[in-house]
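Open the model in your viewer and keep the selection box ready. This tour says what to pick next and what you will find there.

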Protein chains: 2
Amino acid sequence: MAASVAGESFIGPLDRDSPTSIFAQIRARLEEAISSGELAPHARLPSERQLSAGFSVSRMTVRQALDGLTQDRFLYSLPGKGTFVADRRVIEQPLRHLTSFTQDINSRGMRPSSRLVESRTIQASFEMARLFGLGPGAEITQITRLRLADDEPLAIESVHIPSALAPGLLHRDLAAESLYSLLANDFGLVPTSARQTIEAALPTSEEQRLLDVESSAPVLRISRLTSDASGRVVEYVRSVYRGDRYHLTVELR
Amino acid sequence: MAASVAGESFIGPLDRDSPTSIFAQIRARLEEAISSGELAPHARLPSERQLSAGFSVSRMTVRQALDGLTQDRFLYSLPGKGTFVADRRVIEQPLRHLTSFTQDINSRGMRPSSRLVESRTIQASFEMARLFGLGPGAEITQITRLRLADDEPLAIESVHIPSALAPGLLHRDLAAESLYSLLANDFGLVPTSARQTIEAALPTSEEQRLLDVESSAPVLRISRLTSDASGRVVEYVRSVYRGDRYHLTVELR
DNA sequence: GGTCTATGGTGGACTAGACCAGTACGGTCC
DNA sequence: GGACCGTACTGGTCTAGTCCACCATAGACC
């Protein structure tokens, strides 16, 4: 009744000189074995002690890899029984991660593009200053773009970033490089978490025109507040998506 | 310019005989110190070695507590510099966690209630059988309820659970006990993660009647697939929320 | 002034052990 | 047959150390 004996191909020598840490290598091996199907859903993994011997590392190092995979719902463990592969067939590809419009649309198998609607510097309103933790009247760079998928209008996206965090942003060519890689590379702004508020509404007349929809066509209004690891708010985005062409998928815990 | 010296009140002897693990106790101390404001945002924590000495535990145990808090965005660390309190003032209360309608509405400061619309056993459609990983035609218990907040209609919620997972569910009194505590206590179904799909739409005539809205009033259609730790799908919920009274908040990473 | 360098501190990674509570199973006793 | 009990295994927790890359600072040197 026991699972497969020996021959677990994902066990094997690791690269001790690699810049990648040992536990990350073990984690990658297991992830690979899971996604390739070698480790099927609900299959039992070798015990931590067996893995530790198989990889010639300490058990704590194995646990560091297993803990991460458990945290991310690749594995689950039952004390006294063993560690098992979680069944992710359903919770497969959806975007649990923070994604840009470009990544999002690409992952849906469409071609993203955008058209600049407006870009300017504004004074922060009281509310917006509070969100960013700035004094009222602080300068905010606002970039509004029409977002298209396969050349059809899909959303209007209005990004707000404190000018102090990204000086000179207005004069950059956002057609040439992605806003997010620009923020990360040139300004050191690395988003790690975001809070999104989603509501259903009807479009304003301006939105009807840009999105090319009727006044009775429902839209998704999404506002997103993005922070870096220290919790500093780096951007505030207000988007309006066509309800007929877009649905949002999120994963909760 | 250095932070407070000595006198960190959250450091102190732990209960070695407690059923709660040491690292969980340390974690609780730090969380408490953060939420009380004793550890302000961006304040530097004592070093891992100092904490380890202060609590008289091994450094690995301290790290177990810190790692968890970092994972959950209470802390962030800068190698070579120290560990710091993240600024969560913005990403404060929103529901990162899986919540029931009752919890959700309570946390918004309103009084939740519900009215049974329909409860019955149906044959799984091909699509629904696939979602649950069952054969087509498997029995599904379906419970549809009108959900109210402060006695105003807010949503229609239709829960689907494989009958085999919760036998006799139809004959239980859902007014008396929460569906979720019932599922957990009597059937051992503990949801740990969910995938939600959200879209904006217009209500059907039946939905207009139940929610008491016009045909042109946009609604949020949310479908949720809930799984337990092993990845087994335990429930599928389809909800329709009034767009004017409800907005959804989620946190991403 | 500016630049280099040693020093001591920090988090990150890793080791090789230990004890515990829970599980499964085989055997023994009734 | 059924109840009990030891044994061997599992993951969960904890210890007491090591080595490393990175960071700040203070002092020496130019």
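Begin at DNA strand D. The surface near this strand is made of eight nonpolar, 11 polar and five charged residues. Keep in mind that the model is predicted.

**Stop 1: around DNA strand D**

Select the 24 residues around DNA strand D. Ser47(A), Ile22(B), Met60(B), Thr61(B) and Gly80(B) come nearest. Now colour by element. Chain A supplies at least two residues each from helix 2 (48-55), helix 3 and strand 2 (82-85). Chain B does so from helix 1 (22-36) and helix 3 (59-71). Which element gives the most to this surface? Helix 3 of chain B does, with four residues.

**Stop 2: around DNA strand C**

Move to DNA strand C and select the 22 residues around it. The nearest are Ile22(A), Met60(A), Thr61(A), Gly80(A) and Ser47(B). Four elements are worth showing, since each gives two or more residues here: helix 1 (22-36) and helix 3 (59-71) of chain A, with helix 2 (48-54) and strand 2 (82-85) of chain B. Helix 3 of chain A has the largest share, four residues. By type, the surface near DNA strand C holds seven nonpolar, 11 polar and four charged residues.

**Stop 3: the two chains**

Show both chains, A and B. How is chain B superposed on chain A? A rotation of 180 degrees does it, with 0.0 Å of shift along the axis and an RMSD of 0.1 Å. This is therefore the relation of a two-fold axis. The same surface serves both copies, as 100% of the contact residues of chain B recur in chain A.

Next, select where the chains meet. Here 45 residues of chain B are in contact with 45 residues of chain A. On the chain B side, strand 6 (193-201), strand 7 (219-227) and strand 9 (248-252) each give two or more residues. Strand 6 of chain B gives the most, nine. That side of chain B comprises 23 nonpolar, 14 polar and eight charged residues.

Zoom in on strand 6 (residues 193-201) of chain A. Five bridges pair this strand with strand 9 of chain B, in the antiparallel sense. To see one position, pick Gln196(A): Val250(B) in strand 9 of chain B stands opposite.

**Stop 4: the nonpolar cores**

Select the largest nonpolar core, which has 36 residues. Leu220(A), Tyr241(A), Leu220(B) and Tyr241(B) touch the most other members. Centre on Leu220(B). Leaving aside residues up to four places away in sequence, Leu220(B) touches Ala200(A), Ile198(B), Ala200(B), Tyr241(B), Gly243(B), Tyr246(B) and Leu248(B). Apart from this core lies another, of 17 residues, including Phe23(B), Ile34(B), Leu75(B) and Val85(B).

**Stop 5: strand 8 of chain A**

Finish on strand 8 (residues 233-242) of chain A. Is this strand enclosed or open? It is largely enclosed by the rest of the structure, because eight of its 10 residues are buried.

Add its partners one by one. Strand 5 (residues 152-162) of chain A runs antiparallel to strand 8 of chain A, and six bridges join them. Click Ile156(A): its bridge partner in strand 8 of chain A is Val240(A). Then show strand 7 (residues 219-227) of chain A, which pairs with strand 8 of chain A over nine bridges, also antiparallel. Val219(A) stands opposite Arg242(A) there. Strands 7 and 8 of chain A form a hairpin with five residues between the strands. Last click: Gly231(A) in that hairpin, with a positive phi near 95 degrees.

Notes:
Residues numbered from 1 in each chain as written. Chains lettered and ligands numbered in written order. Predicted model: local features only at pLDDT ≥ 70, side-chain atom pairs only at ≥ 80, totals over all residues. Core = buried A, V, L, I, M, F, W, Y, C linked by C-beta atoms within 7 Å. Buried ≥ 20, exposed ≤ 12 C-beta atoms within 10 Å, placed from the backbone. Contact = placed C-beta atoms within 7 Å. Near = placed C-beta within 6 Å. Nonpolar A, V, L, I, M, F, W, Y, C, P; charged D, E, K, R; others polar. Least-squares fit on C-alpha atoms with pLDDT ≥ 70 in both. Pairing = 2+ DSSP bridges.
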